[in-house]
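Please walk through this structure with the following account beside it, turning from one part to the next as the text does.

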Amino acid sequence: MRPSVRVRLTRLVGASALAGSLLLPAAAPVTAADPVVLRVGTVQDLQVLNPWFSVVVADYEVYTLNYDLLVGFDINLQPTAGFADRWESSPDGLTHTFHIREGMKWSDGQPATAEDARWTYQLVLDAAASEAGYIGSGYLEPYLTNAGLKSVSAPDDHTLVVTTEFPTTLITQAYVPILPKHIWSKYTLSQIGDSSAKGFFKNEPPVVGTGPYQAVEWQPGDFIRFTRNPNYWGTQGAADEVILQHFASADTMVQALKKGDVDYVRGVLPDQFAALQGEPDIKTVEGFANGYSELAINTRGKTQGAHGSTNALTDPAFRDALGYAVDQQKLVDATLAGHGVPGTTIVPPYHAKWHVDPTNPRHFDIDEAKRRLDAAGYPLDAQGRRLDKEGQPISLRLTWPDSEGSHATDAQFIAGWFKELGIDVQASVTEEGKLIDDLIPKEGKGPANFDMFIWGWVGDPDPHSLLYDLTTDAIGSLSDSFFSNDRYDELFKLQQRATDEAQRKTYMAEMQNIVYDQAPYIVLYYDSELHAYRTDRFANWVNQPPATGTPLFGFGPVGYTLLQAAAAVTPSPAASPAAASQPAGSPAASASGTQAPAATSSDNTLLLVAVVVIIVVVVGGVFAMRRRARDVEEE
Amino acid sequence: MGGGYLARRLGQAAITIALIVLVNFLLFRAMPGSPERILLGRIPNITPEVLEAVRVRWGLDKPVFPDQFIAYIAATAQGDLGFSFLARGQTVVEVIGQRLWPTVLLFGIGELIAIVIGLALGAYSGWRRGGLVDYVGNGVALVLYSAPYFLIGMLLLLVFASGLGWFPTFGMVTRGQTGGTLDYLIDVGRHFVLPVTAVSIGLIGQYAILMRSSLLETLSEDYIATARAKGLSGGRILRNHALPNALLPTVTLVAINLGYVVAGAITVEVVFNWPGLGTLTVEALTARDYPVLQGVFLLLSVAVVLANLAADLVYGLLDPRVRT
């Protein structure tokens, strides 16, 4: 638990800030020549500018500022104009034609055409056909391969024709940046997709793309700076520059937000989040995370070359019974400080369109769990130990990766609940790399040496990838519970090919229920994304999607392009009618009309400090010289 | 200074560095998990063949001893510390190089300020023992000595940055600022004040306390009594007889702390988001960027060894007794 010291300090400073703001001289006016800079803080560090190596959310955020997707995502996560401005599919759903807008240019002035898109998609096809079978970190090309991408051609500069193996709508959801052929085609597939290759293309700034902002300066571990793309085809938003600033400490980041040194922060800690509420000119936003944290179970037990402790793990009835002994609400309160919701199915409520509540929901009831274990053939012995079907006492290992320290709290609770069932649990943390090794099944020449672990998954704009993790096909790659269910696999293929949304949801609902009932994963919770932003410099912060999302770090640059200048930063209030007209229905807070005195520190202060320092030095020096002079006299 | 003394100290330092290189190699091979997994992460579509290819590319298919060891020694000797796992396509030397000078700047200046103020405060307290400065100064020094950097840093941040708004909350320079060199320097200066204050405040206590006790010990020596008997003034006794001898132990402390100029106090850098080696170490740890960590460890330990070597040599110059 966090110490309460900080809470007290925060209050103290609240008081001193008030006092200080009275003493400070008036803020220096912002001159019209200064670019309007949007400063965004994140505790997650950008790792790469070459988009194929994207792993963390910050990486994705950066490449969707630099580049367009073929089809973008609007504020409701619906397909919208991206590199292509229109598209249609053939009646059989196998041929998809994308119309690339005329006159579009890359940020360096070169024409941006269908040939660039063709080259990018062909690169993915080439990578999939290569020996490695993937490119970069391997997270991007599945968007196209899962959509069944078969061939791509550009009959003219404004037409891109894509064919797929099966009818699908996933092709308009591909999270793949369209890259400028005139720059990237100078490099081989391995120079683009293999960071240890000779001549590896790091894509250093200035980046050339068609996105609204282009990276011009990057200090790894520190910040990345973007400027407006002068050739952008759409509207750009009020910021002339965007800076993504990395913070090593979330505490410092929140202080920077309070002072106005940053405008937006992602990754606020729960207690800071509470403290930020009610701060002037600051608005907090709690969005659903597009993902979940789960208690995963080795469903192979001791079978098929796996090294679980007991074959009870292979029994859906046993796993289901365990589910009654997990109090998800308690975990939300203890681990997330209430910033989340208890988990049910593997499609999080972030996907309001696709998420369903389970048909047969479990509830926390230790006695019910005991009854179900008894009924399923797992009795207690004389010492109160739960026995498996071989008559051995059940003793389970429970672990979590060291990169996710908060799961230690979850593990303690779960171990306590399972002990009440007569199941002994050894809970201990595992170094992440070691855990990944332990999770590999025989298909990947690994030991599958674990019983249960706590970890999470993060999803895409479409729940497809979250559903894929539990297919039989995923065993040996993404599957870490080795769940295998014929009906689930069949439904997975059906939803992949379903072009009718209602039909697709029926498939997905059944899939969510299968996983819930069979419980290879017991979804613990859907945690929240805790963000906060200032309203005194920028206005019209819009959540994507409006009900469950956040203004930035969603899908694509839409949150940035909608930003308007708040009245306080415009050189003259009359000169900016845009700031006054907020779109109706926007969830964003209104702009503050006054500038916070504490937000800008004055150069006079620096002068004062400098003067004091100089006085100290001079006085000290004179004093020392006088002493020395006296010494000389004494000699 | 005798040649034997110099040679002996240099030899010891060389042996220590060789041991550090060895330990550094063993330490990172003893870590659980396999590096190729860290490299690839929880990546989809991974096949055993791909894993093997990665192992071959990074030289992990060869036995740890002697192949990997020899390769490591040979590369390290040439200043090649390998590639960062995290910053794709960047060498460890590049990654560390970008972060070295902010740390050296911060801790170099912080140290200097702390040495000047700390030694002066300690000397004055010792000389005017029982006086007001001694009474208050000693108490303050003890508090500062025991206060962790992050606490000092956080307090400064809360009060002077986000509270009073006098100084920026983070970083070394305001990004995206236009303006000339002078503006840039002023901006860096403003960012510099709080971190450097945190560093010096954290160090002043050590110097003051050591200087005070060292001076008190010296003042009780016979030769001070002799000097007094000769009728020398207080000031002369202090400067010509007491201080030079009392300074000796502080040389060691200065040297040890100078070694940590490179190490930085990780917590100060983290609190002020200073783009130095401290924040780099934290990033590399959380991302399990072993090559960078290995490089940082090597740099830090070599820096401490060299600083100690320097202390030994300076000591030899100052005090003839240790040269034997």
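In the hairpin that strand 4 and strand 5 of chain A form in this predicted model, 5 residues stand between the strands, and A:Gly93 takes a positive phi near 75°. The two strands run antiparallel and are joined by 5 bridges, and in strand 5 of chain A the residue A:His96 is the bridge partner of A:Ser89.

This hairpin belongs to an open sheet of 4 strands in chain A, whose order is 4-5-7-6 and whose pairing is antiparallel. Strand 4 (84-89) and strand 6 (149-156) of chain A stand at the edges with a single partner strand each, so one side of each is left without a neighbour in the sheet. On average, and with direction ignored, neighbouring strands of this sheet are turned by 20° against each other. In general, strands of a sheet pair through backbone hydrogen bonds, and the pairing may be parallel or antiparallel.

At the other edge, strand 6 of chain A is joined by 5 bridges to strand 7 (residues 159-164) of chain A, and these two strands run antiparallel; in strand 7 of chain A, A:Thr163 is the bridge partner of A:Ser151. Helix 3 (residues 114-129) of chain A lies across strand 5 (95-100), strand 6 and strand 7 of chain A, and it runs at about 160° to strand 6 of chain A.

Further along the chain, helix 10 (residues 328-335) of chain A offers a case in which burial can be followed residue by residue. Which residues of helix 10 of chain A are buried? They are A:Gln328, A:Leu331, A:Val332 and A:Thr335, and because they cover an arc of only 100° around the axis, they come to lie on the same side of helix 10 of chain A. The general background is that an α-helix has 3.6 residues a turn, so residues three or four places apart point the same way. The buried residues of helix 10 of chain A pack against strand 14 (340-342), helix 12 (407-420) and strand 18 (521-534) of chain A.

With helix 12 of chain A, helix 10 of chain A packs at an angle of about 145°, the axes being 9 Å apart, and the crossing of these two helices is right-handed. To this contact helix 10 of chain A brings A:Lys330, A:Leu331, A:Ala334 and A:Thr335, while helix 12 of chain A brings A:Thr409, A:Asp410 and A:Phe413. Sorted by class, the contact has 3 nonpolar, 2 polar and 2 charged residues. After helix 10 of chain A comes A:Ala337, whose phi is positive, near 55°.

Other backbone details of this kind are found in the loops. As a general matter, most residues other than glycine have a negative phi, and most peptide bonds are trans. A:Asp281, a residue other than glycine, has a positive phi near 60° and is found in the loop between helix 8 (270-276) and strand 12 (282-288) of chain A. Is A:Asp281 buried or exposed? A:Asp281 is buried, because 21 other C-beta atoms lie within 10 Å, and 20 or more are needed for a residue to count as buried. A:Gln304, also other than glycine, has a positive phi near 50° and lies in the loop between strand 13 (291-297) and helix 9 (316-323) of chain A; with 15 other C-beta atoms within 10 Å, A:Gln304 is partly exposed.

Cis peptide bonds also occur in chain A: one joins A:Pro205 and A:Pro206, with omega about 0°, and A:Pro206 lies in the loop between helix 6 (189-193) and strand 8 (213-219) of chain A. Another joins A:Gln544 and A:Pro545, with omega about -10°, and A:Pro545 is found in the loop between strand 19 (538-539) and helix 17 (558-561) of chain A.

A:Ser481 lies in the loop between helix 14 (464-468) and helix 15 (486-497) of chain A, and it counts as buried because it has 26 C-beta neighbours inside 10 Å. The C-alpha atoms of A:Ser481 and A:Ile297 are separated by 5.5 Å, although the two residues are 184 residues apart along the chain. Leaving aside neighbours within four places in sequence, the contacts of A:Ser481 include A:Asn298, A:Leu470 and A:Tyr521.

Chain B, finally, has 13 helices and 0 strands, and its C-alpha trace spans about 85 × 55 × 35 Å along the principal axes. Of the 324 residues in chain B, 40% are buried.

Definitions and conventions: Residues numbered from 1 in each chain as written. Chains lettered and ligands numbered in written order. Predicted model: local features only at pLDDT ≥ 70, side-chain atom pairs only at ≥ 80, totals over all residues. Buried ≥ 20, exposed ≤ 12 C-beta atoms within 10 Å, placed from the backbone. Arc of directions from axis to C-beta. Contact = placed C-beta atoms within 7 Å. Axes fitted to C-alpha atoms, helices over the stretch in contact; angles between N-to-C directions. Left-handed = near helix turned anticlockwise from the far one by under 90°. Nonpolar A, V, L, I, M, F, W, Y, C, P; charged D, E, K, R; others polar. Pairing = 2+ DSSP bridges.
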